[in-house]
Amino acid sequence: MTIGIWVLGDQLWQQQSALASCKQDKKRYPVILIESSQYVQQRPYHGQKLVLVWSAMRHFAEELKSDGWDVTYQISEDFVTPLQAWIQEYRITQLRVMTPSDRPFEQFINNLDLNCNVSLIPNNHFLWSKQEFHDWAKSRKRLLLEDFYRQGRKRFNILMDGDKPIGGKWNFDKQNRKPPKKNLATPTALWFEPDRITISVIERIEELKLNIYGKIEPFRWGVTRQQAKQVLGHFLTQCFSNFGTYQDAMVTGEDTLWHSLISPYLNLGLLQPMEVIKAAEQAYHSKELALNNVEGFIRQVLGWREYMYGIYHHTEADYGDGNWFNHHHPLPQFYWDGAKTEMNCLRQILTQVERTGYAHHIQRLMVLSNFALIAGVSPQEIESWFHAAFIDAYDWVMQTNVIGMGQFADGGKLASKPYAASANYINKMSDYCGNCTFDRTSRHSPNACPFNFFYWDFLDRHREKLKSLGRMNLVLANLKKISPEELAQIKSLAENWWTKENC
Ligand code: FAD
Ligand code: SF4
């Protein structure tokens, strides 16, 4: 039997399971990586995402070669032509691939008609395998993040003191999520100059004239494991001490605040979740950092990230088609060109995403996704946009975060209530409203903030459904206090907003 290994673009780690299964005798097992230009034309992508993935693949191929592997790197239109040729050249009888994280690509591999046997090796880029998550989930009525996270802390012995959480509590959120103060001294993010390989990838993408979103340059993301480790180190020394405290703050001109910027690297395999968690835990012990920041960060990686991956594979393949609120408005055009909206919060964040491919969690959830939810945009349209716009977007993380958490389109499999908010929240957590033409305090005047009339109209439109969730009763009680006249004005503003200029 001759085994060959196909390394996919988000599996760039020497210990990934397919490579690890052959590492005893590297020279004997040919390896292939393929850049397919057809594949990236199936949907628009952020130009920088394409640069990141292809440049990281090319760098990883070099790393494998210098480590003694026999590597073929193919730049091609499709995947199948170079695969067939390589299988024939090396007389490969078994093609090994680590199981893709995304279901559609796994399906694609299963449907391949190649002249050899195809073997999928279980994915080891996550701490919880699909089976382990199923086992945890199967006996539970509700799949609560909090329960899963605590189980993870115990299972991997992270921030534990015997069988108790360090500090006596599992959660320090009361100390976190502070609104931004004026004149915050924020850290500078660690960026990199593109090297020769990255420049050649940028040139290729420009030549291909793809339908890309956002600006391809300046490209400043890391593209190697070494750079990804530098970003993690920078976060731990420069940003960690305030991570939790200002986790939800949004400030004009501050793209990254105290966030780690590691999601693109984790999602490509350049960093591994356990090394990130261990490094954070070690920083806590050696630097005596405040526990609220450390626990808040570990909750993201050990809790949320693993939970999202687990839910994605635990639910049926049609999870992404969910539309609990039956929302069908098209995505407003300004999502593709942020300068076209007068809403300052959206404009600031959209133009930032065009420049960088990045926005932090609250910008994604409470502004970009929240607006689509309360305005009644189709969940699938906003999901496709998120997929196109972000540097770290993949199917597994998109469906759960956008369809589930952001749009509540799964009817509450993942979140216990919709993340819907008016200008009150945005004003509390950011400085955007101060520079906006809309009136953040009004919900029915001609200049009322659209987040306000859409929020109250959303609550009114879905009153009955929201009542069934229990956790919305307090806000529904406030809805009752609005007079029928004002409610009619709110509804008319919401309906009239959907004019041609906005869609
Ligand atoms: P930090 O704030 O520094 O957090 C540390 C790490 O925790 C992140 O790098 C990430 O790996 C992990 N994490 C935290 N929350 C989540 C979560 N909900 N799901 C998965 N991982 C999480 N994350 C992506 O990786 N890709 C996406 O395409 C993506 N799209 C999102 C869309 C929406 C609508 C929402 C609400 C969230 C989305 N997230 C996505 C989750 C989260 O917003 C990003 O992981 C995070 O903002 C990345 O920035 P960071 O590395 O600076 O994260
Ligand atoms: Fe956004 Fe409304 Fe605030 Fe303007 S007033 S920044 S639209 S929340």
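This briefing covers a ligand site, a central strand and some backbone features of one structure. The model is predicted. Ligand 2 takes up the space of the largest cavity. Strand 5 is largely enclosed by the rest of the structure, because 5 of its 5 residues are buried. Two residues other than glycine, Arg177 and Leu261, have a positive phi.

**Around ligand 2**

- The space that ligand 2 takes is the largest cavity.
- Four cysteines stand around ligand 2: Cys345, Cys433, Cys436 and Cys449.
- The aromatic residues Tyr432, Phe438 and Phe451 are also around ligand 2.
- Met343, Ala423, Ile426 and Arg440 complete the list.
- The shell divides into 10 nonpolar residues, no polar ones and 1 charged one.
- Arg440 is that charged residue, because Arg counts as charged.

**Strand 5 and its neighbours**

- Strand 5 covers residues 94-98.
- In a regular strand, side chains alternate between the two faces of the sheet.
- In strand 5, Gln94, Arg96 and Met98 point one way.
- Leu95 and Val97 point the other way.
- Both sets are buried.
- Strand 1, residues 3-6, pairs with strand 5 in the parallel sense over 3 bridges.
- Within strand 5, Gln94 is the residue opposite Ile3.
- Strand 6, residues 117-121, also pairs with strand 5 in the parallel sense, over 5 bridges.
- Arg96 has Ser119 of strand 6 as its bridge partner.
- To get from strand 5 to strand 6, the chain passes through helix 4, residues 103-110.
- This β-α-β crossover is right-handed.

**Backbone features in loops**

- Most residues other than glycine have a negative phi, and most peptide bonds are trans.
- The peptide bond from Glu217 to Pro218 is cis, with omega near 0°.
- Pro218 is in the loop between strand 9 (212-213) and helix 8 (225-239).
- Arg177 is not a glycine, yet has a positive phi of about 60°.
- The loop that holds Arg177 lies between strand 8 (164-165) and helix 7 (196-208).
- Arg177 has a relative accessible area of 35%, so it is partly exposed.
- Leu261 also has a positive phi, near 60°.
- Leu261 is in the loop between helix 8 and helix 9 (263-268).
- Leu261 has 6% relative accessibility, so it counts as buried.

Terms used:
Residues are numbered from 1 along each chain as its sequence is written. Chains are lettered from A and ligands numbered from 1 in the order in which they are written. This is a predicted model: local features need pLDDT of at least 70, side-chain atom pairs count only at pLDDT 80 or more; totals for chains, interfaces and linings use all residues. Side-chain values use heavy atoms; hydrogens and water are left out. A residue is near a molecule or strand if one of its heavy atoms lies within 4 Å of it. On a 1 Å grid over the protein atoms alone, a cavity is a set of points where a 1.4 Å probe fits but cannot get out, and a pocket is an open set with protein on both sides within 12 Å along at least five of seven lines; lining residues have an atom within 4 Å of a point. A molecule sits in a cavity or pocket if more than half of its atoms lie within 2 Å of its grid points. Buried means under 20% relative accessible area, exposed over 50%, partly exposed in between (1.4 Å probe, protein chains only). Helices (H or I, at least four residues) and strands (E, at least two) are DSSP runs, numbered from the N terminus. Two strands pair if DSSP finds at least two bridges between them. A crossover is right-handed if, with the strands pointing away from the viewer, the path from the first strand over the helix to the second runs clockwise.
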